[in-house]
Amino acid sequence: MSSTAATLTPAPPMSTADHKKPAGLYVISDGLRSLANTDEDLTRSLNGHKAGTLLSALDAVPRRRYVKQATPIERLDNLTALLGGAELFCKRDDMLPLAGGGSKTRKLEYIVQAALDAGADILVTCGAVQSNHARLTASAAAREGLACHIILEERVAGSFNPKASGNNYTFALLGATTEVVPADGVPAAEERVMARLRAEGCRPYWVPGGGAPHFPPS
């Protein structure tokens, strides 16, 4: 690719030969790729290609349905003008459901369904002291009537503040219990917490940090 910044221009009207191409696209002027305005545009673009098979495969996996509609893609007019180069867009995944939004909501649809299918009554996960994943996992647990325990990894010594705001503040609001471990302390804590919960008669389900990997082998 040339070092010159790519620019986005509206796609030209479709001809008969192009009738299978999706409408409403912005096409990068170098012709290397295109950016869909919405998730629906992207889905239409992928249909008929190998990626369409992936979408069908994902739809076949049981999941919760937290996401009811596509989040918008907004043009960043001021930043585009400031930089004077390529047009910039923002995918507004902050508008997704669960507490505070975030793209990991989509992963949690599959993870929480698997936990419910396994008969779990508590989700156990881990993350940094201000983990977005942990916040969303706690929110999903609360929504489903499950308990949640979060192992917070203090990756930088002294960085955890029990009185901090942000995600740290929302954990308790969402009903989750937390514990703090030093850097690299998650594996030992996971083993200990899962064993303790099972001994107490609970049915814990382990959710890896960030929510991946999750899918069981086929």
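**Exercise 1.** How much area does the protein chain expose, and what percentage of it do carbon and sulfur atoms supply?

*Solution.* The model is predicted: local features need pLDDT of at least 70, side-chain atom pairs count only at pLDDT 80 or more, and totals for chains, interfaces and linings use all residues. Residues are numbered from 1 along each chain as its sequence is written, and side-chain values use heavy atoms, without hydrogens and water. The exposed area of the protein chain is about 12800 Å², by the Shrake-Rupley method with a 1.4 Å probe. Carbon and sulfur atoms supply 57% of this area.

**Exercise 2.** Find the percentage of buried residues, then decide whether Leu83 is buried or exposed.

*Solution.* Buried means under 20% relative accessible area, exposed over 50%, and partly exposed in between (1.4 Å probe, protein chains only). Of the 218 residues in the protein chain, 33% are buried. Leu83 lies in helix α3, residues 77-83; helices are DSSP runs of H or I with at least four residues, and strands are runs of E with at least two, numbered from the N terminus. Leu83 has a relative accessible area of 57%, so Leu83 is exposed.

**Exercise 3.** Give the strand order of the open sheet of four strands and name its edge strands.

*Solution.* The order is β8-β7-β6-β9, with parallel pairing. Two strands pair if DSSP finds at least two bridges between them. Strands β8 (177-182) and β9 (204-207) each pair on one side only, which makes them the edge strands. Strands β6 (residues 122-128) and β7 (residues 147-154) are joined by seven bridges. Cys126 stands opposite Ile151 in β7.
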